2 protein chains.
Amino acid sequence: MTRKKIKIYQDLMGENNRWAGETRKLLAEHGLVMVNLIGSPGCGKTALLERLADMLDGTLRFAVLEGDIETVNDARRLARKNIVVSQLLTKGSCHLEAKMVHYALRDLPLAELDLIVVENVGNLVCPAEFDIGEHCKIAILSVTEGEDKPLKYPLLFREAGAAVVSKTDLLPHLTFNLDACVANIRRINTALPLFQLSSTSGTGVTAFLDWLRTVPSR
Amino acid sequence: MTRKKIKIYQDLMGENNRWAGETRKLLAEHGLVMVNLIGSPGCGKTALLERLADMLDGTLRFAVLEGDIETVNDARRLARKNIVVSQLLTKGSCHLEAKMVHYALRDLPLAELDLIVVENVGNLVCPAEFDIGEHCKIAILSVTEGEDKPLKYPLLFREAGAAVVSKTDLLPHLTFNLDACVANIRRINTALPLFQLSSTSGTGVTAFLDWLRTVPSR
């Protein structure tokens, strides 16, 4: 005999979306842009932010909300680059939800910032399903993952406002077909702005940074 | 005014676990072993199965249940290697559940097989939470993902019966610290059998295959 457990969720996504709306209001009050960086574990999200920190000259003041299931490793890496960073620990959950992001955002020195980058939990699937109040999702895919991934995980590429193909410095050592990867992204999202870059060598990062300055805070 | 939606889940995991139990019974009836291969998108799950197919000589007859959100690319890759394979499309879901696995399993030629390998959806998080009736979960992590991942995604490494560190042929081109990665896995799961291998070069795959022959069908 097993006891029956009954869980009742009342309008689950509605609650998330309400917090996302609160976040959009808060961002608008401060004229801030927020982007939501989503990709697999180890695709180079943190490395890209480290590289951006090295390149910035005070003209784009950004803070990072760093999402992880466990550990504060990534926040420590970014703090070493003098980035304003808070660590959001989901303690098991595979994605960030709007409420946690909202509370963390409220504690940032918003008046001193231009851009908030949320680095979501390493996962190409679930984070794409949750609105956290961002102005734009950015899909990041490393060349070591294979050119077919946009077709296998289409939701993120459909939802995204830009895509980054990372770790291009490793291309000489792989059979990865960059043209096929770009074509696959285009099959999901025809007009998606697309950046091929290496955070290790720095190649292509300037173009991405230039685009990041233009994300509208609608 | 938004309408309230109320969803009621009655003992959600209980339903999944009931199907997992049915699968275990079916496997036992046929003296079969089933393993559940879990790792990030592009960590080399399919490549490892392709390499195993090349090495096998009929002494370990295996079939693959290939889990993906979309596309039948991976099933096609394995079919080209003459592996018995079925494609399980989750159509959005980030993990395989026991019921779908059970139905696919029942349609395989079980009397002609020794081993079932389930290749789960590319995701280091959610698949580890779902019992699909397997005898053993196998965690796979590629060296391009970074040595800290076992600490950041501990559940899988805690639940696993073995871990594979893949793509070791790329080590000369990376700053990946293999010793640190192994130490991090050991911090989560002290006695976990651990295999370092390259499906591209073949290095280390024999040791993994030898272990695969010994997984008990408790």
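These are my notebook entries on a sheet, some salt bridges and a pair of cysteines in this structure.

**Entry 1: the sheet in chain B**

I kept in mind from the start that this is a predicted model. I began with chain B and looked up how its strands are arranged. Seven strands form an open sheet there, in the order 4-3-5-2-6-7-8, and their pairing is parallel. Next I looked for the edges. Strand 4 (84–89) and strand 8 (194–196) of chain B hold those places; each has a single partner strand, so one side of each has no neighbour in the sheet. I also checked the twist: on average, neighbouring strands of this sheet are turned by 20° against each other, direction ignored.

Then I zoomed in on one edge. Strand 3 (residues 62–68) of chain B pairs with strand 4 of chain B in the parallel sense, over six bridges. If you want a spot to find by eye, try G67(B), which stands opposite L88(B) in strand 4 of chain B.

**Entry 2: helices across the sheet**

Which strands does helix 2 (residues 45–55) of chain B lie across? I found strand 2 (33–39), strand 3, strand 5 (115–119), strand 6 (136–142) and strand 7 (162–166) of chain B. Helix 2 of chain B runs at about 165° to strand 3 of chain B.

I did the same for helix 8 (residues 205–212) of chain B. Helix 8 of chain B lies across strand 2, strand 5, strand 6, strand 7 and strand 8 of chain B. Its angle to strand 6 of chain B is about 170°.

**Entry 3: salt bridges**

I looked up the count of salt bridges, and it comes to 26 over all chains. I picked E50(A) and R77(A) to follow: they form a salt bridge, with the closest N and O atoms 2.8 Å apart. This pair links distant parts of the chain, since E50(A) sits in helix 2 (residues 45–55) of chain A and R77(A) in helix 3 (residues 73–79) of chain A, 27 residues apart. Is each partner buried or exposed? E50(A) is buried at a relative accessible area of 16%, while R77(A) is partly exposed at 25%.

R77(A) also meets the side chain of D74(A) in a salt bridge, at 3.8 Å from N to O. Here both residues lie in helix 3 of chain A, three residues apart, or about one turn of the helix. D74(A) is buried, with a relative accessible area of 0%.

Back in chain B, I looked at R24(B), which forms a salt bridge with D131(B); their closest N and O atoms are 2.7 Å apart. R24(B) lies in helix 1 (residues 12–29) of chain B and D131(B) in the loop between strand 5 and strand 6 of chain B, so the pair ties together parts 107 residues apart in sequence. R24(B) counts as partly exposed, at 30% relative accessibility.

One last note on these contacts: salt bridges that share partners join E50(A), D68(A), D74(A), R77(A) and K152(B) into one network.

**Entry 4: cysteines**

How many disulfides are there over all chains? I found zero. To see why, I turned to C94(A) and C126(B). The closest cysteine sulfur to that of C94(A) is the one in C126(B), 3.5 Å away, and that is too far for a bond; the cut-off is 2.5 Å. Both cysteines are buried: C94(A) has a relative accessible area of 11%, and C126(B) has 4%.

Technical notes. Residues are numbered from 1 along each chain as its sequence is written. Chains are lettered from A and ligands numbered from 1 in the order in which they are written. This is a predicted model: local features need pLDDT of at least 70, side-chain atom pairs count only at pLDDT 80 or more; totals for chains, interfaces and linings use all residues. Side-chain values use heavy atoms; hydrogens and water are left out. Two strands pair if DSSP finds at least two bridges between them. Helices (H or I, at least four residues) and strands (E, at least two) are DSSP runs, numbered from the N terminus. Axes are lines fitted to C-alpha atoms, for helices over the stretch in contact, and angles run from 0 to 180 degrees between N-to-C directions. Contact means heavy atoms within 4.5 Å. A salt bridge is a side-chain nitrogen of Lys or Arg within 4 Å of a carboxyl oxygen of Asp or Glu. Buried means under 20% relative accessible area, exposed over 50%, partly exposed in between (1.4 Å probe, protein chains only).
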